[in-house]
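Please work through the following exercises with the sequence and the coordinates at hand. Each task is followed by a solution in steps.

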Number of protein chains: 2
Amino acid sequence: MKTELRQDRDLSAQIADVLRNAIIEGRLLIDERLPSEAELADSYGVSRPTVREALKRLAAQSLIRTQRGASGGAFVNRISYDDAYGQQVSTATLLLSMNEVDFETACDARFALERSAAALSSERRSADHLAAMRAEIHRQAQPGLSDESFCASDVAFHRALVDGAGNPVLSWHLAGAIEGMQPLMNMITFSARDRARIIDLHAKLTDALEARNASGIETALDALCQETKQMAEQVKEARQQRPGTA
Amino acid sequence: MKTELRQDRDLSAQIADVLRNAIIEGRLLIDERLPSEAELADSYGVSRPTVREALKRLAAQSLIRTQRGASGGAFVNRISYDDAYGQQVSTATLLLSMNEVDFETACDARFALERSAAALSSERRSADHLAAMRAEIHRQAQPGLSDESFCASDVAFHRALVDGAGNPVLSWHLAGAIEGMQPLMNMITFSARDRARIIDLHAKLTDALEARNASGIETALDALCQETKQMAEQVKEARQQRPGTA
DNA sequence: AACTTTTCATTTGTCAGACATTTAAAAGTC
DNA sequence: GACTTTTAAATGTCTGACAAATGAAAAGTT
């Protein structure tokens, strides 16, 4: 772990890179303790604050955890499913909302991925998943539901659908595709007629899933994709007519 | 941006959370400048090193960039596609290699996702994508290729396939599924017979893509999935017979 | 007046040293 | 032996300082 640092870049960034590579490439094993801050500072020839900034960078990526006290220190972290889930959603959200990704592209990608998950789900889903989906449909039909709550329920519905595949890795991937679009979806105003159509499609989708009818699922998902893109298009047109609200 | 901080948690972590939320929820716009470190330290009642640790956490997630000099400071960053790509691959890699995700689950998820991307690619792929895929097949057939290089070429092949869909968001999602498995794939030793079978399937896959034959693509992908899982199974059995090499 | 050079204030990057707090192990006490 | 106290090690935080980069204003020059 001896690397000469250049002087023309942030020292803390370079140290973070060195340690990050050591962790990713497996030279530092899970739960292994890193040298203390003082030792790291000494071995890289920098001050402790600089080392600490490097360690905080790694902590932000859940690569290490720190513990105070005797026999404390920084330890290589086994990233938890929840941490990875949050990072996935967060990165997807930023990618979609900060880069001029048009809604149609994001939507196409999302439903393409969901189609394959739904196909697996139709083989493996349990009664619990169906029940969760029907519960969300029921919530979506309640009058007086805010657009935001409708959106949240929509996410929960699709999440249950995907979880039906019984593959946590697949669920993790889909989290980015589905939950990452939430900010974009929240810009949509759902009219009563929109909601009715969506709820109808959700019902058809759930029925097809219950019957393990793969083609029926695909049809419903395609229709949902079209519906969603259409609503987004309407929002876009409304924006163009009276700009400034953006 | 005035929030009381508790004393029972890391101050730098709390400050990072506050700023992160402000960015994600859009209260701080892209390219907007954050207050200077001294001002932040003052407004949160902490010292500058503490503020700096918080800012480094955000920088590690590409949420901000910093610039020195007059009119410098920390600016809300528009995350680049490349940054998001790297984060996606990195998170997926860690999730798969650090958590006891069995190979079969990861493999199923990966090919499920790739199936849907391939379906889109069969409609939209250009001649360039086909050429890139055939070039990788050619490389894979070369004798004396290391397992690692074979793996890398395999990734490039599938990446070209996915890129054929012409949807960068889809490519981004698939990057996690495909490249994230690379460490797991690198543990496999590819015998000459294994390689021949894989190359044959790659050729069939490319032919089907050229013919825009969706069902042929699906068949080839399913076979590849089976083949991959089988090879992993063999590695697993070999490990169990003489442990300690792990 | 127009252009060039210099100076300067601002801001991040880094350092040194100190103290506070937490924690586990060692030492002491009953 | 069981409990309490002490101690040492480590992270968390603070203060104050200097270095380096950078843009803008001031000064100087033609």
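The exercises below concern a predicted model and treat chain architecture, the two DNA strands and the cysteines.

**Exercise 1. Describe the secondary structure and overall dimensions of chain A.**

Solution.
Step 1. Count the elements: chain A contains 11 helices and 2 strands.
Step 2. Place them in order: starting at the N terminus, the arrangement is α-α-α-β-β-α-α-α-α-α-α-α-α.
Step 3. Examine the strands. Strand 1 and strand 2 of chain A run antiparallel and are joined by 4 bridges. One pairing is that of A:Thr66 in strand 1 with A:Ala74 in strand 2. The hairpin has 5 residues between its strands, and A:Gly69 adopts a positive phi near 90° there.
Step 4. Consider the dimensions. The C-alpha trace of chain A spans about 65 × 50 × 30 Å along its principal axes. Its radius of gyration is 23 Å, whereas a compact globule of 246 residues would have one near 18 Å.
Step 5. Add the burial: 51% of the 246 residues in chain A are buried.

**Exercise 2. Characterise the protein surface near DNA strand D, and determine which part of the strand accounts for 70% of its atoms within 4 Å of the protein.**

Solution.
Step 1. List the surroundings: 25 residues lie around DNA strand D, and those that come nearest are A:Arg52, A:Arg68, B:Leu11, B:Ser47 and B:Thr50.
Step 2. Identify the part of the strand: sugar and phosphate make up 70% of the strand D atoms that come within 4 Å of the protein.
Step 3. Inspect individual polar contacts. On the phosphate side, a polar backbone atom of A:Glu37 is 3.1 Å from a phosphate oxygen, and a polar side-chain atom of B:Asp10 is 3.3 Å from a phosphate oxygen. On the base side, an N or O atom in the side chain of A:Arg48 is 2.9 Å from a base oxygen.
Step 4. Assign the elements: at least two residues each come from helix 3 (48-60), strand 1 (64-67) and strand 2 (73-76) of chain A, and from helix 3 (48-60) of chain B.
Step 5. Classify the residues of this surface: 6 are nonpolar, 10 polar and 9 charged.

**Exercise 3. Which element gives the most residues to the surface near DNA strand C, and which polar contacts reach that strand?**

Solution.
Step 1. Among the 24 residues around DNA strand C, A:Leu11, A:Thr50, A:Arg68, B:Arg48 and B:Arg68 come nearest. Sugar and phosphate account for 73% of the strand C atoms within 4 Å of the protein.
Step 2. Polar side-chain atoms of A:Arg68 and B:Arg68 lie 3.4 Å and 2.7 Å, respectively, from a sugar or linking oxygen of the strand. A polar backbone atom of A:Ala70 is 2.9 Å from a base oxygen.
Step 3. Two or more residues come from each of helix 1 (11-24) and helix 3 of chain A, and helix 3 and strand 1 (64-67) of chain B. Helix 3 of chain B gives the most, with 3 residues.
Step 4. By class, the surface near strand C has 4 nonpolar, 11 polar and 9 charged residues.

**Exercise 4. How many disulfides does the whole structure contain?**

Solution.
Step 1. Apply the cut-off: the two cysteine sulfur atoms must be within 2.5 Å.
Step 2. Test the candidates. The cysteine sulfur nearest to that of A:Cys225 belongs to A:Cys107, 4.4 Å away. For B:Cys107, the nearest is that of B:Cys225, 4.4 Å away. Neither A:Cys225 nor B:Cys107 is in a disulfide.
Step 3. State the total: 0 disulfides are found over all chains.
Step 4. Note the accessibility: A:Cys225 is buried at 7% relative accessibility, and B:Cys107 is buried at 0%.

Notes
Residues numbered from 1 in each chain as written. Chains lettered and ligands numbered in written order. Predicted model: local features only at pLDDT ≥ 70, side-chain atom pairs only at ≥ 80, totals over all residues. Heavy atoms only, no water. Near = heavy atom within 4 Å. Polar contact = N/O pair within 3.5 Å; in protein donor to acceptor, adjacent residues only side chain to side chain. Nonpolar A, V, L, I, M, F, W, Y, C, P; charged D, E, K, R; others polar. Buried < 20%, exposed > 50% of the residue type's maximum accessible area, 1.4 Å probe, protein only. Pairing = 2+ DSSP bridges. Rg over C-alpha atoms; globule rule 2.2 N^0.38 Å.
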